[in-house]
Amino acid sequence: MKKIENIDNSDSHLRVRDHSGLKYLLRKEFKQLIRNKFLPKLIFIFPFMVLMVFPWAASYEIKNLNISVVDNDHSTYSKQLTQKIISSNYFRLTNVSPNYGKALKSIEENKSDLILEIPTNFEKDIVNRQGAKVLISSNAVNGMKGGIGMTYLVSIVNDFNVGLMQKLLPIAGINNTLSTIQIDTQYRFNPHLNYRVFMVPALMVMILTLLCGFLPAVSIVFEKELGTMEQINVSPVPKSIFILAKLIPFWVIGFIVITIGFLIAWSIYGLVPAGHFSTIYLFTAIYILAVSGLGIVISNYAATLQQAMFIVFFFMLVYIMMSGLYTPIDSMPEWAKWIAAFNPLKHFMEVMRSVYLKGSNPMQMTKQLFALIGFAVFFNSWAVLSYRKNQ
Amino acid sequence: MTISTKTSNYTHPSGAGGLSTEKVIIAEQLTKKFGNFTAVDNISFEVERGEIFGFLGANGAGKTTAMRMLCGLSIPTSGKGTVAGFDIGVQTELVKKNIGYMSQKFSLYDDLKVWENIELFGGIYGMKDKEIKEKTDELMHILNFENERNKLVGSLPLGFKQKLAFSVSIFHNPQVVFLDEPTGGVDPITRRRFWELIYDATSRGITIFVTTHYMDEAEYCDRVSIMVDGRIEALDSPKNLKKQFEAKNMDDVFQQLARKAKRVDS
């Protein structure tokens, strides 16, 4: 259509009071939020659930490994070794099998995770100092579990070995045979390798992402389905004001949620950030804008709640997998690192872990700071541009 | 063109933004296509200030699409139109500032109270707190809604909701109000009361553009247009239409025209 030339299209001179709509839209959003039967509860219950359950459940520390022992020797030493393994707390003896075949069967039936086979003449070989051998096989269907189980078992067997040597060898001989290089290991920032110290800050990021990314998407699509969106579209409210009114409440929610997270981390796990709270709040403020912006972009493209949910699930899944929550980004292939670089979660998780564990300040995290600002600007500009008041 | 920045919400200075003083709606060869489907086919008409203009047609005739174009919710594929003096293809946000709209689907916020809905919509049309409060008091009195003021809108019966939605759509004193099947699903008495509100609005100089399926309501309009398959097949006062089609009532007029439709309601 040809535009009508002589009509003044710059409506700027009529936009005298346009920004005042924000006040009324914000009142509406907060009232609706508080009156919602579900959301205010979710904001409080969700952080509790996630932070109280996950750090205990999602741990790499492997316990209760089922072991099947094939003792072909039936000697004192073989019994001592078996006893030592059971008393380590890591292993549970499922059965003592008469032969390797039977033991393998119990692995196939998922009754045990590891097999320790002690050969005949085990004790005799030790006493004769001919060097005894044991066979350890592990079920590596879950590679992590198998590998860690194997390592634990090897170290117990080694320990047993050292104990025997000390008993059997003459005092003078010990130094000759056992003097090896001693390695002192020191784990920095998390000296006890406490898994929860590592997980809790990252889980806070997850909670923020789910609440502040998911809810804005749902909130706008819900208005579309109700028909109230059309009433807003037919009013002179500027697009940016409407979106700002949707963003601000999630900003407030985000701050409440992260504060609840701090309290839980401190009261249950005794975790206090090594760095400054203000650093975390600064990054949180930017991060919420980024994920809420993404949520609003999704809601602009989705026509129904169902569509919005599926798109959100897609993004959440990719983002969580590529965030470094469970698997370190550094050990990913090059292309995967590139995908992770475009993941706001990854950057914020790095920030949270650095501040909690190392006490980093914003100056040490400028890369993450600029990345998150970039995401916030990008998603929110996209949100304003993709929101169409007319077709 | 000169537009006074006041564009007062309370008076309609003649020619407030208008190329024309008395024609509040002008449609010239307005067309909307969705792919190969022509929903609105070359319609032209004018509506004068203070008029009650009935917009009739069977389901799928293109009424809602035409109305959405006039409200700035949908951009015409071709043709042009002005509403309250503003171009509907280019100045959509200025059009929106000067109209009210009540959709088929009830669209106030169920989880806000009566006064809160009024405050919200008054506010986003640029009214001040004090203005809103005074007008709300007045409105509650006129509608006899004083007891409902603090109730959630979701808890009100449909007839109440419709009256409220209409009152909200004209709360900022627009030049035109577009009503899309405003009285669906309520009893004749409630509809009658609703029309009293419409008459009251016209007495304040607000132009009414209304779609309806009720032929008794068509009789209340000053002029009526009847759309068939995206085109306007008839446009005149109910009296003249009845004469023209030798019909005893509007229902008969409508039946004669709607029967010609080739489109099947989707």
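Two strands count as paired when DSSP finds at least two bridges between them. All views below show a predicted model.

**View 1. The hairpin of β9(B) and β10(B).** Strand β9 (residues 223–228) and strand β10 (residues 231–236) of chain B run antiparallel to each other and are joined by 5 bridges. Within this pairing, M227(B) of the one strand faces I232(B) in β10(B). The hairpin leaves 2 residues between its strands, and D229(B) adopts a positive phi near 50 degrees.

**View 2. The open sheet of chain B to which this hairpin belongs.** Its 6 strands follow the order β6-β7-β8-β3-β9-β10, and their pairing is mixed. The edges are taken by β6 (99–102) and β10 of chain B, each of which pairs on one side only. Averaged over the sheet and with direction ignored, neighbouring strands are turned by 15 degrees against each other. In contrast to the antiparallel hairpin, strand β3 (residues 52–57) of chain B pairs with β9(B) in the parallel sense, again over 5 bridges, and G54(B) lies opposite V224(B) in β9(B). Helix α5 (residues 158–169) of chain B packs on the sheet, where it touches β6 and β7 (176–180) of chain B, and its direction makes about 165 degrees with that of β6(B). Helix α6 (residues 188–203) of chain B also packs on the sheet, touching β3, β7 and β8 (207–211) of chain B, with its direction at about 150 degrees to that of β8(B).

**View 3. Chain B as a whole.** The chain contains 9 helices and 10 strands, and its C-alpha trace spans about 50 × 45 × 35 Å along the principal axes. For 266 residues, a compact globule would be expected to have a radius of gyration near 18 Å, and the value of 18 Å for chain B agrees with this.

**View 4. The open sheet of chain A.** Here 4 strands are arranged in the order β2-β1-β3-β4, with mixed pairing. Because β2 (91–97) and β4 (135–138) of chain A stand at the edges with a single partner strand each, one side of each has no neighbour in the sheet. The average turn between neighbouring strands, direction ignored, is 20 degrees. Strand β1 (residues 65–71) and strand β3 (residues 114–118) of chain A run parallel and are connected by 5 bridges, and V70(A) has E117(A) as its bridge partner in β3(A). Helix α3 (residues 76–86) of chain A lies across β1, β2 and β3 of chain A and runs at about 180 degrees to β1(A), whereas helix α6 (residues 143–168) of chain A lies across β1, β3 and β4 of chain A, at about 160 degrees to β4(A).

**View 5. The packing of α14(A) and α15(A).** Helix α14 (residues 344–358) and helix α15 (residues 366–386) of chain A pack at an angle of about 145 degrees, their axes being 10 Å apart, and α14(A) passes α15(A) in a left-handed crossing. On the side of α14(A), P344(A), H347(A), F348(A), E350(A) and V351(A) take part in the contact, and they meet Q368(A), A371(A), L372(A) and F375(A) in α15(A). Sorted by class, this contact comprises 6 nonpolar, 2 polar and 1 charged residues.

**View 6. The two domains of chain A.** The domain assignment divides chain A into domain 1, made of 22–57 + 194–386, and domain 2, made of 65–178. Taken over C-alpha atoms, the centres of domain 1 and domain 2 of chain A are separated by 49 Å.

Note on methods. Residues numbered from 1 in each chain as written. Chains lettered and ligands numbered in written order. Predicted model: local features only at pLDDT ≥ 70, side-chain atom pairs only at ≥ 80, totals over all residues. Axes fitted to C-alpha atoms, helices over the stretch in contact; angles between N-to-C directions. Contact = placed C-beta atoms within 7 Å. Left-handed = near helix turned anticlockwise from the far one by under 90°. Nonpolar A, V, L, I, M, F, W, Y, C, P; charged D, E, K, R; others polar. Domains from an automatic or database assignment. Rg over C-alpha atoms; globule rule 2.2 N^0.38 Å.
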